[in-house]
Amino acid sequence: MASTRDWFESVAEARRRARRRLPKPVFMAIEAGAEAGVTRADNLAAFREIRFAPPLLADLPATRDLRTTVLGVDIALPVLASPVGAQAVHPLGEVAVAIGTRDAGTAMGLSEFASKPIAEVAAVNPAVFFQVHWSADRDVLLERAETARARGARALIVTLDWSFPGGRDWGSPAIPEKLDLPALARLAPAGLARPGYLLDWLRHGGLPDLTVPNMARPGQPAPAFFAAYREWLAVTPPTWPDIAWLRDQWRGEFLVKGVMRPDDARRAVDAGATAISVSNHGGNNLDGTPGAIRALPAVAAAVGDSAEILLDGGVRRGGDVVKALALGARAVMIGRPCLWGLAAGGPSGVRNVFGLLAAGIDSALLALGRDSVRDVRRSDVIVPAGFSDGLD
Ligand SMILES: Cc1cc2nc3c(=O)[nH]c(=O)nc-3n(C[C@H](O)[C@H](O)[C@H](O)COP(=O)(O)O)c2cc1C
């Protein structure tokens, strides 16, 4: 746990601290959604529209049980870290997330665009799920997934919702191709305005190298982030038979991330997915799609018990987690809150964020008279008319 001085009492405070600590381009790189940010904003607004329906004086044990199982891994609370590329908000990056999630008793997704090798991450937290996009041809993608498995991946996540939206109204992140002299000169004013961030990097041996080690071919050096990104853009997007092929080759737990429609949820299950995540990529994908939680009820109805259902996008407090459980999710993933915790306090900041969510889940369960996260029911929440219009 963070020391008392460093401890923060809300996810909103983690975000404020991240904003104060990070150079503006780095903060904005994680903050902004695509284009006008309509979807990003609706991820949050949709949670606020859902209300609780607590009974009085339910007969409850002294403690509530927050444990569940996701992708074959037992976790202490129904919240895990979503895969997020290049976590340069802290020098330890994904290793710090591994420490924080391990200490919180939960699992993490590791993006193929991560800045740390999966072996280092899995050595700290063995509950790690490797995430790919369709970023290479079949053989290279499978080789990448198998390498990750050999180095500790417990499951494969395939993210399908990415359409390369254009500019952001808040400005696109000014992330350089590499940190050469011209780039450093350009970034110097933003960096020097946040000396704590710079010193942290220097204390850990230098500035980020902006490479993606988990995308390296065997025996080759890690490619640069943008080179790998450009290669991905040149790949033809997959078809459902491609996904079914990858799932057959992989043979283990397999999560399709980015599902927003019941027909797609069924296709993912038909392709062999053992889990899906209802997600719009945190509002970083096509702008104007609805908040993720609006899509959850119809997807849950379509999937039933044939796959585990997760949700990510807009989860900021324990009550949000319980709302997602009530509408059919087994667990949720968090993206930005984890990064804010990481920026605010490194590993203990990550642990702090998960601790806040656990406390919030516990108090919502107490109010609702439920003694376990598995007992949360649809009747525990009130969903306004029109909440999911057009999504079933
Ligand atoms: C800066 C940033 C980078 C991301 N990178 C990835 C990624 O590499 N792979 C992926 O599947 N999702 C990625 N995501 C999406 C997250 O996994 C997750 O879907 C989203 O952040 C959830 O919304 P939230 O930030 O409101 O919690 C990224 C999100 C952000 C904010």
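This passage walks through the packing and some local features of a predicted model. Local features are reported where pLDDT is at least 70, and side-chain atom pairs count only at pLDDT 80 or more, while totals for chains, interfaces and linings use all residues. Residues are numbered from 1 along each chain as its sequence is written, and side-chain values use heavy atoms, leaving out hydrogens and water.

A good place to begin is the interior. The largest nonpolar core has 98 residues; such a core is a set of buried Ala, Val, Leu, Ile, Met, Phe, Trp, Tyr and Cys residues joined through side-chain atoms within 4.5 Å. Here buried stands for under 20% relative accessible area, exposed for over 50%, and partly exposed for values in between (1.4 Å probe, protein chains only). Helix 14 (residues 336–368) gives this core its largest share, 15 residues; helices (H or I, at least four residues) and strands (E, at least two) are DSSP runs numbered from the N terminus. Ile276, Ile293 and Leu311 have the most contacts inside the core. Beyond its neighbours within four places in sequence, Ile276 touches residues including Leu255, Val259, Val303 and Leu310, where contact means heavy atoms within 4.5 Å. Another core, of 15 residues, lies apart and has Val70, Ala107, Phe129 and Met333 among its members.

Turning to helix packing, helix 6 (residues 138–150) and helix 10 (residues 240–250) meet at an angle of about 35°, with their axes 11 Å apart. The axes are lines fitted to C-alpha atoms over the stretch in contact, and angles run from 0 to 180 degrees between N-to-C directions. Among the residues making this contact are Leu141 and Arg149 of helix 6 and Trp245 and Trp250 of helix 10.

In strand 5 (residues 108–111), both faces are covered: Met108 and Leu110 on one side and Gly109 and Ser111 on the other are all buried. In a regular strand the side chains alternate between the two faces of the sheet. Strand 5 pairs with strand 6 (residues 128–132) in the parallel sense over four bridges, pairing being assigned if DSSP finds at least two bridges between two strands. Met108 has Val128 as its bridge partner in strand 6.

Two leucines deserve a look at their backbone. Leu57 has a positive phi of about 55° although it is not a glycine, and Leu210 likewise has a positive phi of about 55°. Leu57 sits in the loop between strand 1 (51–52) and strand 2 (68–70) and is exposed at 84% relative accessibility. Leu210 lies in the loop between helix 8 (195–203) and helix 9 (225–233) and is buried, with a relative accessible area of 18%.
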